Amino acid sequence: MRPEQQQTQQKTAINVAVLVSIGRHPTTGRARRAEQDARGLELALAVAAELPGSQIDLLHAGSKDVDSEAALRGYLGMATGVGMATGVGMSTGVGMGLESMTLLEQPEGSDAILPLVEHLAATSPQLVITGARAECGEGSGLLPYALAEHLGWPLVNSLASIETVENGVVTLLQALPRGQRRRLKVRLPAIISVDEAAPAARQSAFGPARRATFLAVPTSSEADGELAQWHLGPARKRPKRLKIIKAASARDRFKAAASKAEGKGGQVLTDVTPEQGAEAIYKLLKEEDVLR
């Protein structure tokens with residue numbers, strides 16, 4: 001047996017759960033699929049194409065209305081053009097989409113952690129993929145860590161790609177600052193979170209997305225006490241920051257310190273009282289739009 005054939009036989013199909021949420025367009029504010037969650041589904045589709053027979057379970061905890069349904073169907077049309085074997089939540093053949101999405105129904109303002117933990121513990125997927133943080137609600141980015149703590153599974157954040165899945169071990173490529181990458185091997189089951197370092201999500205096909213269905217699962221919901229104490233409102237314009245000269249070398253720092261600043265009607269204060277100095281500083285900050 002050739003080494004390539006032996007390596008192929010070691011690859012087995014896995015069950016992947018992709019947690020998706022409702023996103024929000026940064027300009028219009030309309031509901032859409034969340035960018036990071038869509039990238040996570042893109043990685044899951046790549047795994048399913050590499051490992052025939054793999055199953056993908058789209059999972060959303062929350063309520064379903066007109067706006068949220070349109071956003072969730074954006075995920076259901078993403079499998080177009082990929083041929084995959086039959087599995088739970090998957091369809092066969094090229095040009096078809098995801099067949100269904102599991103909807104953990106709970107009223108608005110409920111805590112999604114416990115229903116997700118109960119469902120994942122019952123279904124036992126080998127791999128759970130989620131975005132780093134939500135685009136609506138709290139957006140704290142703590143959901144993957146809370147799930148890992150409750151389930152006792154390892155967690156890898158800032159995922160860039162999934163390289164191989166062999167013998168119950170997944171090889172991941174983690175994104176580090178300044179474009180660096182780190183290769184990790186994690187034993188399944190595991191949870192991975194995705195951000196902008198992962199490949200961009202493909203477009204969603206309208207037809208397969210409309211034909212897909214939602215499998216509603218009733219859950220025991222608890223109100224999110226932390227979110228209930230928040231006061232949500234439109235964001236205010238951030239104050240203007242003063243220009244800071246950044247220098248990479250000692251020569252640049254000396255040049256910046258020795259060069260004359262361009263004067264625009266400023267004044268030099270000497271022998272002034274603390275009150276006069278404070279008033280001049282306050283006037284400058286007002287002119288620079290730092291204080292409003």
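Let me start at one residue: leucine 176 touches Arg181 and Arg182, leaving aside residues up to four places away in sequence. This leucine 176 sits in the loop between β8 (169-175) and β9. Its relative accessible area is 26%, so leucine 176 counts as partly exposed. From its C-alpha atom to that of asparagine 157, 19 residues apart along the chain, the separation is 9.9 Å. Please keep in mind throughout that this is a predicted model.

Now the chain as a whole. There are 292 residues in the chain, and buried residues make up 36% of them. The secondary structure comes to nine helices and 11 strands. If we take the contacts between residues at least 6 apart in sequence, 70% of them join residues at least 24 apart. The accessible surface of the chain is about 18,300 Å², and carbon and sulfur atoms account for 52% of that surface.

Next, strand β6, residues 127-131. How many of the five residues of β6 are buried? Five of the five are, so the strand is largely enclosed by the rest of the structure. Looking at the two faces, Leu127, Ile129 and Gly131 lie on one side, with Val128 and Thr130 on the other, and both faces are covered.

Which strands pair with β6? One is β1, which runs parallel to β6 and is joined to it by three bridges. In that pairing, alanine 17 stands opposite valine 128. Another is β10, also parallel to β6, with five bridges between them. There, isoleucine 129 has isoleucine 192 as its bridge partner.

From β6 we can move to helix α5, which covers residues 143-151. Its buried residues are Pro144, Ala146, Leu147, Ala148 and Leu151. What covers them? The cover includes β1 (15-19), α4 (113-123), β6, β7 (155-166) and β10 (190-194). So to place this helix in the picture, look for β1, β6 and β10 again, since they are included in what covers its buried residues. Just after α5 comes glycine 152, which takes a positive phi of about 75°.

Now to charged side chains. Side chains of opposite charge can pair when their charged atoms come close. The structure holds six salt bridges, and I will go through three of them.

The pair I take up to begin with is arginine 39 and glutamate 35, whose closest N and O atoms are 3.1 Å apart. Both residues lie in helix α2 (residues 35-50), four residues apart, about one turn of the helix. An α-helix has 3.6 residues a turn, so residues three or four places apart point the same way. Is arginine 39 buried or exposed? Arginine 39 is buried, at a relative accessible area of 12%, while glutamate 35 is partly exposed, at 29%.

The next pair is glutamate 69 and arginine 73, where the salt bridge is 3.0 Å from N to O. These two residues are in helix α3 (residues 66-76), four residues apart, and therefore separated by about one helical turn. Arginine 73 has 10% relative accessibility, so it counts as buried. This pair also belongs to a network of salt bridges that links Lys64, Glu69 and Arg73.

My last pair is glutamate 163 and arginine 183, with closest N and O atoms 2.7 Å apart. This one links distant parts of the chain, as glutamate 163 is in strand β7 and arginine 183 is in strand β9 (residues 181-187), 20 residues apart. Glutamate 163 is partly exposed, with a relative accessible area of 32%. Arginine 183 is exposed, with a relative accessible area of 53%.

Finally, the pockets. Rolling a probe the size of a water molecule over the atoms shows where empty space is left. In this model the largest pocket holds about 1,400 Å³ of space. Which residues lie nearest its centre? They are Ala61, Ala134, Cys136, Gly137 and Glu138, out of 45 residues that line the pocket. At least two lining residues come from each of β2 (22-24), β4 (55-61), α3, α4, β6, α5 and α7 (225-228). That list brings back β6 and α5, and also α3, the helix of glutamate 69 and arginine 73.

How values were computed
Residues are numbered from 1 along each chain as its sequence is written. This is a predicted model: local features need pLDDT of at least 70, side-chain atom pairs count only at pLDDT 80 or more; totals for chains, interfaces and linings use all residues. Side-chain values use heavy atoms; hydrogens and water are left out. Buried means under 20% relative accessible area, exposed over 50%, partly exposed in between (1.4 Å probe, protein chains only). Contact means heavy atoms within 4.5 Å. Two strands pair if DSSP finds at least two bridges between them. A salt bridge is a side-chain nitrogen of Lys or Arg within 4 Å of a carboxyl oxygen of Asp or Glu. Accessible areas come from the Shrake-Rupley method with a 1.4 Å probe; for residues, only the protein chains shown count as cover. On a 1 Å grid over the protein atoms alone, a cavity is a set of points where a 1.4 Å probe fits but cannot get out, and a pocket is an open set with protein on both sides within 12 Å along at least five of seven lines; lining residues have an atom within 4 Å of a point. Grid points are joined across faces, edges and corners, and a volume is the space filled by probe spheres set on the points.
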